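Biologist: I keep hearing words like "buried" and "salt bridge", and I'd love to know what backs them up. Could we go through a model together?

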Amino acid sequence: MAMEAILLSYGAENAKRDTIKVALAELEAVATEGRKRAFPDEKADLLRSPDEVAKAIVTMIVQDYANGWQGKL
């Protein structure tokens with residue numbers, strides 16, 4: 001929560017600039033190598049792939065999203 005407050009404050013302070021925007025994205029579990037080590041019995045095929053998540057992030061970024069956008073990807 002503290003990091004969210006810092007980022008949203010930073011976004012608000014720079015709201016008049018068109019070169020800085022802040023977005024907070026909540027990601028569900030991603031099938032990464034680190035997660036495989038932490039949860040070896042988890043079924044990775046039920047999780048989103050890193051490539052899928054990266055595409056969702058890029059899609060969100062290239063849109064004209066509102067400064068301070070918050071949501072799930």
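Modeller: Below, we take the terms one by one and check them against the values.

Modeller: A bit of housekeeping: this is a predicted model, where local features need pLDDT of at least 70, side-chain atom pairs count only at pLDDT 80 or more, and totals for chains, interfaces and linings use all residues. Residues are numbered from 1 along each chain as its sequence is written, and side-chain values use heavy atoms, with hydrogens and water left out.

Biologist: What makes up the secondary structure of the chain?

Modeller: The chain has 3 helices and 2 strands, and they follow the pattern α-β-α-α-β along the sequence. Helices (H or I, at least four residues) and strands (E, at least two) are DSSP runs, numbered from the N terminus. Helix α3, for instance, covers residues 50-62.

Biologist: How does the radius of gyration of the chain sit against that of a compact globule of 73 residues?

Modeller: The rule for a globule is 2.2 Å times the number of residues to the power 0.38, with the radius taken over C-alpha atoms. For 73 residues that gives a value near 11 Å, but the chain has 15 Å. Its C-alpha trace spans about 50 × 25 × 15 Å along the principal axes.

Biologist: Why is V62 called exposed or buried?

Modeller: Buried means under 20% relative accessible area, exposed means over 50%, and partly exposed is in between (1.4 Å probe, protein chains only). V62 comes out at 66%, so V62 counts as exposed. R37, found in helix α2, is exposed too, with 65%.

Biologist: And what about M60, buried or exposed?

Modeller: M60 is in helix α3, and its relative accessibility is 9%, so M60 counts as buried. Across the chain, buried residues make up 16% of the 73 residues.

Biologist: Which residues is M60 in contact with, leaving aside its neighbours within four places in sequence?

Modeller: Contact means heavy atoms within 4.5 Å. On that rule M60 is in contact with A23, Y65, W69 and L73. M60 and A23 are 37 residues apart in sequence, and their C-alpha atoms are 9.1 Å apart in space.

Biologist: Where is A23, and how accessible is it?

Modeller: A23 is in strand β1, and at 28% relative accessibility it counts as partly exposed. Setting aside neighbours within four places in sequence, A23 is in contact with M60, Y65 and W69. A23 and N67 are 44 residues apart in sequence, yet 6.6 Å apart in space, C-alpha to C-alpha.

Biologist: How many salt bridges does the structure hold?

Modeller: There are 4. The term needs a side-chain nitrogen of Lys or Arg within 4 Å of a carboxyl oxygen of Asp or Glu. Take K72 and E26: their closest N and O atoms are 3.9 Å apart, and the pair forms a salt bridge.

Biologist: What does the pair of K72 and E26 tie together?

Modeller: K72 lies in strand β2 (residues 69-72) and E26 in strand β1 (residues 23-26), so the pair ties together parts that are 46 residues apart in sequence. K72 is exposed at 57%, while E26 is partly exposed at 47%.

Biologist: What makes E33 and K36 a salt bridge?

Modeller: Their closest N and O atoms are 3.3 Å apart, and the pair forms a salt bridge. Both residues lie in helix α2 (residues 33-38), 3 residues apart, which is about one turn of the helix. K36 has a relative accessible area of 41%, so K36 is partly exposed.

Biologist: How far apart, N to O, are R35 and E42?

Modeller: The distance is 2.7 Å, and their side chains meet in a salt bridge. R35 is partly exposed at 24%, and E42 is partly exposed at 32%.

Biologist: One last term: what sits over the ring of Y65?

Modeller: The charged end of K21 does, 4.8 Å from the ring centre. A charge sits over a ring if NZ of Lys or CZ of Arg is within 6 Å of the ring centre and within 35 degrees of the ring normal.
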